[in-house]
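Biologist: Before we talk about individual residues, could you take me through how the labels are assigned, setting each value against its cut-off?

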Amino acid sequence: MATTKWVLDPTHSEVQFKIKHLVISTVTGSFKKFEGTVETDGDSFESARVRFSADIDSIDTNQEQRDQHLKSADFFHAEQHPKLVFESTSLRKVSEGEYKLEGNMTIRDVTRPVSFDVEYGGTATDFYGNEKAGFEVSGKISRKEFGLTWNGITEAGAIVVSDDVKLLASVQFAKVKEEVAA
């Protein structure tokens with residue numbers, strides 16, 4: 001069976017993270033620059049191979065001072081570790097339109113197994129004849145497992161940033177058209 005390649009369409013995708021601040025509210029951030037590919041056997045996404053990376057320097061939480069702190073050595077250390085990388089080890093169908101994506105995520109040169117829930121939105125052809133596939137991806141990681149261990153405690157004893165980080169992505173992939181030999 002022929003391998004089909006799909007490429008992430010960044011203009012129709014978004015990648016976000018959510019983390020509790022002072023345990024009472026949630027701060028949402030996003031990565032503005034990212035890329036990814038999916039390789040499938042034929043047109044079936046079951047057992048697809050997924051690769052994704054995000055540029056740490058593109059973090060945006062709508063607050064420049066916080067963004068700079070996240071890029072610093074206290075957190076991601078963007079200068080030495082410019083990318084967050086995910087490579088799948090399996091994608092299996094759980095039910096109609098629902099998948100479980102497992103793989104290895106690398107942050108700050110620390111690689112850990114992670115698991116995501118994936119909702120397959122279907123495929124459609126755009127105005128230009130390109131076949132697109134849409135997915136909603138969600139999961140949770142422990143930031144401390146990846147060496148993001150900075151923690152502050154307020155004078156009242158409240159933890160400033162929680163350990164759990166929710167990851168959410170709404171992504172669209174474009175099928176790479178086969179080149180026909182002349």
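Modeller: A residue counts as buried when its relative accessible area is under 20%, as exposed when that area is over 50%, and as partly exposed in between. The model is a predicted one, and of the 182 residues of its chain, 38% count as buried. The chain has 1 helix and 11 strands, which run β-β-β-β-β-β-α-β-β-β-β-β from the N terminus on.

Biologist: Why is Thr4 called buried?

Modeller: Thr4 has 10% relative accessibility, and the label requires a value under 20%, so Thr4 counts as buried. Thr4 is placed in strand S1, residues 3-8.

Biologist: What makes the pairing of Thr4 with Gly42 a polar contact?

Modeller: A polar atom of the Thr4 side chain lies 2.6 Å from the backbone oxygen of Gly42, and the cut-off for a pair of N or O atoms is 3.5 Å.

Biologist: How do you know that Lys132 and Asp9 form a salt bridge?

Modeller: The nitrogen and oxygen of these side chains are 2.8 Å apart, and a salt bridge requires a Lys or Arg nitrogen within 4 Å of a carboxyl oxygen of Asp or Glu, so the pair of Lys132 and Asp9 qualifies. Lys132 lies in strand S10 (residues 131-142) and Asp9 in the loop between S1 and strand S2 (14-21), so the bridge ties together parts that are 123 residues apart in sequence. Both Lys132 and Asp9 are buried.

Biologist: Why does the pair of Glu39 and Arg49 count as a salt bridge?

Modeller: The N to O distance between Glu39 and Arg49 is 3.9 Å, and the criterion is within 4 Å, so this pair also qualifies. Because Glu39 lies in strand S4 (residues 34-41) and Arg49 in strand S5 (residues 44-55), the bridge ties together parts that are 10 residues apart in sequence. Glu39 has 32% relative accessibility and counts as partly exposed, as does Arg49 at 34%.

Biologist: How many salt bridges does a search of the whole structure find?

Modeller: The search finds 11.

Biologist: Why is Glu98 called partly exposed, and what does Glu98 gather with on the surface?

Modeller: The relative accessibility of Glu98 is 33%, and partly exposed is the label between 20% and 50%, so Glu98 receives that label. Glu98, placed in strand S8 (residues 98-107), gathers with Glu14, Glu119 and Glu136 in a surface patch of negative charge. A patch takes in residues with over 30% relative accessible area and no salt bridge, and the 33% of Glu98 fits that area limit.

Definitions and conventions. Residues numbered from 1 in each chain as written. Predicted model: local features only at pLDDT ≥ 70, side-chain atom pairs only at ≥ 80, totals over all residues. Heavy atoms only, no water. Patch = residues over 30% accessible without salt bridge, like charges linked within 9 Å, V, L, I, M, F, W, Y side chains within 5 Å. Areas by Shrake-Rupley, 256 points an atom, 1.4 Å probe, with all protein chains shown as cover. Lys, Arg positive; Asp, Glu negative; His and termini not counted. Charge placed at Lys NZ, Arg CZ, Asp CG, Glu CD. Helix = DSSP H or I, 4+ residues; strand = E, 2+ residues; numbered from the N terminus. Buried < 20%, exposed > 50% of the residue type's maximum accessible area, 1.4 Å probe, protein only. Polar contact = N/O pair within 3.5 Å; in protein donor to acceptor, adjacent residues only side chain to side chain.
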